[in-house]
Amino acid sequence: MKNGMIIHPGELSKKWIDRLADAGIDTLGIHPEGGSGAPKTLERLISLLGTPEYRALIDYARSRGLKIEYECHAAGYLMDKSLFDSHPEYFRMNSEGERTPDWNFCVSNPDALSLFAKRAAELALALYGSGKDFYFWMDDGRGIHCNCPKCRSLSPSDQQYIALRAALCEIRRHISDARMAYLAYIDTIAPPTVSHSDSGLFLEYAPFEKYTARGEDREERIAREKAMIAPLLDYFGRADAKVLEYWYDNSLFSRWKKPPARFVLNENAMVDDVREYREMGFSRASTFACFLGEDYEELYGEADILPFAKAFE
């Protein structure tokens, strides 16, 4: 079972690369921060990737045997909100029946879908040192899909599938063996209902509710999330299925605010999770490891990443 750790762009350093490689970790993931600011953080990553200094870090990571992946909430970047004044029909309709450029877009509009796909191909080509697997997630939130008359019959999962499939088709005009992750997360945790074939999309399952659900329905939400694993694997297949976990995500445990909190790993839970995911048929698992960079080390010292590597032995 392959493994990886995912950090924020500004946390990348030669020291981090050496730690990952020396521990025997397979993949280095780069994740621009999500939320409403995701378009800006992705834009800053692309600027970084144009600099010789950052490219040298990526080259060094690859020389140490690390696979490079970029995982990002990309929809808000790929569908430029400045187009709303001239093309409001490109953007989603909210539950009140109003077009709005706040999140995602209208996947039933062919011109919007074509623009999204074209921009996705440009983004794929800009991700220096990337492998063939791409992670262009939809926007980060709940209830942010399109409710227009044409999209209304499509679930959030269906809408994501349609958008990602269009993006992948365009990317494959430039990178013939490219693949695209379907992020099963919050509103898209249920499998799509649209017809699925050998589309080049693979499953990326993220158990976000397990760590964030609150309130009286907490256990119900967590149980529903876990219950979706089997149907998701049946829909997408097990050969390339990946888990996106939060075992080391100190940004989550710090509630996405700095200074970072002291990180405490629940090692027993992680080991049990890895065993269970392996038994289910997942072939890969990565964990966010954000907010563990130089500022964290100045406060608390290095977080121990060896238990993560050992869990996959």
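**Exercise 1. Find what surrounds Asp158, and decide which partners its charged side chain has.**

Solution. Leaving aside neighbours within four places in sequence, Asp158 is in contact with Ser153, Pro192, Thr193 and Val194. The model examined here, and in each exercise below, is a predicted one. As a next step, place the residue: Asp158 belongs to helix α6, which covers residues 156-171. Then look for a partner of opposite charge: the nearest such side chain, that of Arg224, is 12 Å away, and Asp158, although buried, has no salt bridge. A salt bridge would need a side-chain nitrogen of Lys or Arg within 4 Å of a carboxyl oxygen, so Arg224 at 12 Å does not qualify. Finally, turn to the backbone, where the side chain of Asp158 reaches the nitrogen of Val194 at 3.3 Å.

**Exercise 2. Carry out the analysis for Asp139, a buried residue without a salt bridge.**

Solution. Begin with the position, which is in the loop between β4 (133-137) and α6. The nearest side chain of opposite charge belongs to Lys81, and it is 4.7 Å away. Since a salt bridge requires the nitrogen within 4 Å of the carboxyl oxygen, the side chain of Lys81 at 4.7 Å is not counted as a partner. Next, list the backbone nitrogens that the side chain of Asp139 reaches: that of Gly76 at 2.9 Å, and that of Asn104 at 2.5 Å. Both Gly76 and Asn104 also appear in the list of residues that Asp139 touches, along with His73, Ala75, Trp103 and Ile144, when residues up to four places away in sequence are not counted.

**Exercise 3. Work out which residues of helix α9 are buried, and how they are arranged around the helix.**

Solution. Helix α9 spans residues 229-236, and its buried residues are Ile229, Leu232, Leu233, Tyr235 and Phe236. Looking down the axis of α9, one finds that these buried residues fall within an arc of 160 degrees, so they line one face of the helix. The third step is to ask what they pack against, and the elements concerned are α6, β5 (179-184), β6 (201-205), α8 (218-227) and α11 (267-280). After the helix comes Gly237, whose phi is positive, near 95 degrees.

**Exercise 4. Describe the largest nonpolar core and the contacts of one of its members.**

Solution. This core has 107 residues, and those touching the most other members are Leu28, Phe136, Ile171, Leu203, Trp247 and Tyr248. Its largest share, eight residues, is contributed by helix α5 (residues 110-126). In soluble globular proteins, nonpolar side chains tend to be buried together. Taking Leu203 as the member to follow, and not counting residues up to four places away in sequence, its contacts include Leu232, Leu233 and Phe236, which are among the buried residues of α9. Leu203 also touches Asp240 and Lys242, among others.

**Exercise 5. Examine three salt bridges and state which parts of the chain they link.**

Solution. The whole structure has 28 salt bridges. In one of them Arg19 pairs with Glu297, with the closest N and O atoms 3.6 Å apart. Because Arg19 lies in helix α1 (residues 14-23) and Glu297 in helix α12 (residues 294-300), this pair ties together parts that are 278 residues apart in sequence. Both of these residues, Arg19 and Glu297, are buried.

The second pair is Lys242 with Glu71, where the closest N and O atoms are 2.7 Å apart. Lys242 is in strand β7 (residues 242-245) and Glu71 in strand β3 (residues 67-73), so the pair joins parts 171 residues apart in sequence. Lys242 and Glu71 are both buried.

The third pair, Arg221 with Glu209, meets at 2.7 Å, N to O. It links helix α8, which holds Arg221, to helix α7 (residues 209-212), which holds Glu209, and the two residues are 12 apart in sequence. Arg221 counts as partly exposed at 23% relative accessibility, whereas Glu209, with a relative accessible area of 8%, is buried.

As a last step, look for shared partners: salt bridges of this kind join Lys67, Glu69, Glu71, Asp133, Arg179, Glu204, Asp240, Lys242 and Arg284 into one network.

Key
Residues numbered from 1 in each chain as written. Predicted model: local features only at pLDDT ≥ 70, side-chain atom pairs only at ≥ 80, totals over all residues. Heavy atoms only, no water. Core = buried A, V, L, I, M, F, W, Y, C linked by side-chain atoms within 4.5 Å. Buried < 20%, exposed > 50% of the residue type's maximum accessible area, 1.4 Å probe, protein only. Helix = DSSP H or I, 4+ residues; strand = E, 2+ residues; numbered from the N terminus. Contact = heavy atoms within 4.5 Å. Lys, Arg positive; Asp, Glu negative; His and termini not counted. Polar contact = N/O pair within 3.5 Å; in protein donor to acceptor, adjacent residues only side chain to side chain. Arc of directions from axis to C-beta.
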